[in-house]
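Reader: I should like to examine this entry with the criteria stated beside each value. Could we take it step by step?

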Amino acid sequence: MKAAIIYSSVTGNTSTLAEIICENMSKYTIETDLIPVDEFHPEQLHNYDIVTVGTYSWDNGELPLEMEEVFEAFEDEEVKHITTGIFGTGDSFYPYYCGAVDIFRDMLYVHTNLAVTLKVELTPQEEDLHRCKKFCDRLASEFAVVS
Ligand SMILES: Cc1cc2nc3c(=O)[nH]c(=O)nc-3n(C[C@H](O)[C@H](O)[C@H](O)COP(=O)(O)O)c2cc1C
């Protein structure tokens with residue numbers, strides 16, 4: 001069982017969230033690679049059973065430019081069998097709060113086995129930790145073995 005977290009972050013909020021999620025994943029027996037978007041290649045998707053994507057939002061709830069390659073990779077590659085999760089940080093000051101998360105969610109729902117979504121206001125706070133745990137619980141439960 002292998003998982004990847006592909007993320008983009010400018011001011012550090014989404015990378016902090018990605019690290020928390022990565023730490024939670026390690027509590028399961030799921031080997032997880034943390035991949036900054038500038039190290040991502042579309043063919044990597046095929047190495048994983050679970051892929052989570054982390055993004056901030058920009059310019060009226062849009063995808064950051066550097067996340068477009070990731071978005072298109074899910075559209076173009078054969079990824080129907082991959083379980084996915086989408087998380088992101090945003091600022092509710094803006095009208096389209098975490099709009100990039102919604103854009104990814106809708107696409108991943110169509111092209112993959114989307115399991116879970118998480119939105120966090122700016123940098124993760126204490127009260128977000130249980131939400132991060134739930135996010136990973138939901139991903140891992142897709143692969144739970146009942147004995
Ligand atoms: C110019 C600008 C536009 C932004 N637009 C949005 C937006 O439309 N929706 C939103 O939820 N957040 C928006 N944000 C807030 C960022 O998404 C938020 O600060 C995020 O946590 C940054 O992530 P990072 O620290 O990982 O770079 C905007 C921030 C800036 C500076």
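**Loops and the ligand**

Author: C98 has its place in the loop between β4 and α3 (99-111). The model is predicted, so local features need pLDDT of at least 70 and side-chain atom pairs pLDDT 80 or more, whereas totals for chains, interfaces and linings use all residues. Residues are numbered from 1 along each chain as its sequence is written, and side-chain values use heavy atoms, without hydrogens and water.

Reader: What makes the phi of C98 worth noting?

Author: Phi of C98 is near 50°, a positive value in a residue other than glycine. Most residues other than glycine have a negative phi. N60, in the loop between β3 and α2 (68-76), also has a positive phi, near 65°.

Reader: How do you know that C98 makes a polar contact with the ligand?

Author: A polar backbone atom of C98 is 2.7 Å from an oxygen atom of the ligand. A polar contact is a pair of N or O atoms within 3.5 Å, so the pair at C98 qualifies. The ligand has further such pairs: one of its oxygen atoms lies 2.8 Å from a backbone N or O atom of S57, and one of its nitrogen atoms is 3.0 Å from a polar backbone atom of Y96. Of the 650 Å² of accessible area that the ligand has on its own, the protein covers 82% (Shrake-Rupley method, 1.4 Å probe).

Reader: Which residues come nearest to the ligand?

Author: They are S9, V10, T11, G61 and T89, out of 20 around the ligand (a heavy atom within 4 Å). By class, this shell has 8 nonpolar, 10 polar and 2 charged residues. Both α1 (13-25) and β4 (83-90) supply at least two residues of the shell (helices have at least four residues, strands at least two, as DSSP runs).

Reader: What does the side chain of Q44 reach?

Author: The side chain of Q44 reaches the backbone nitrogen of H41 at 2.6 Å. Q44 lies in the loop between β2 (31-36) and β3 (50-56). Leaving aside neighbours within four places in sequence, Q44 is in contact with I35 and E39 (heavy atoms within 4.5 Å).

Notes:
A polar contact is a pair of N or O atoms within 3.5 Å; within protein, one must be able to donate a hydrogen and the other to accept it, and residues adjacent in sequence count only if both atoms are side-chain atoms. Ala, Val, Leu, Ile, Met, Phe, Trp, Tyr, Cys and Pro count as nonpolar, Asp, Glu, Lys and Arg as charged, and the others, Gly among them, as polar.
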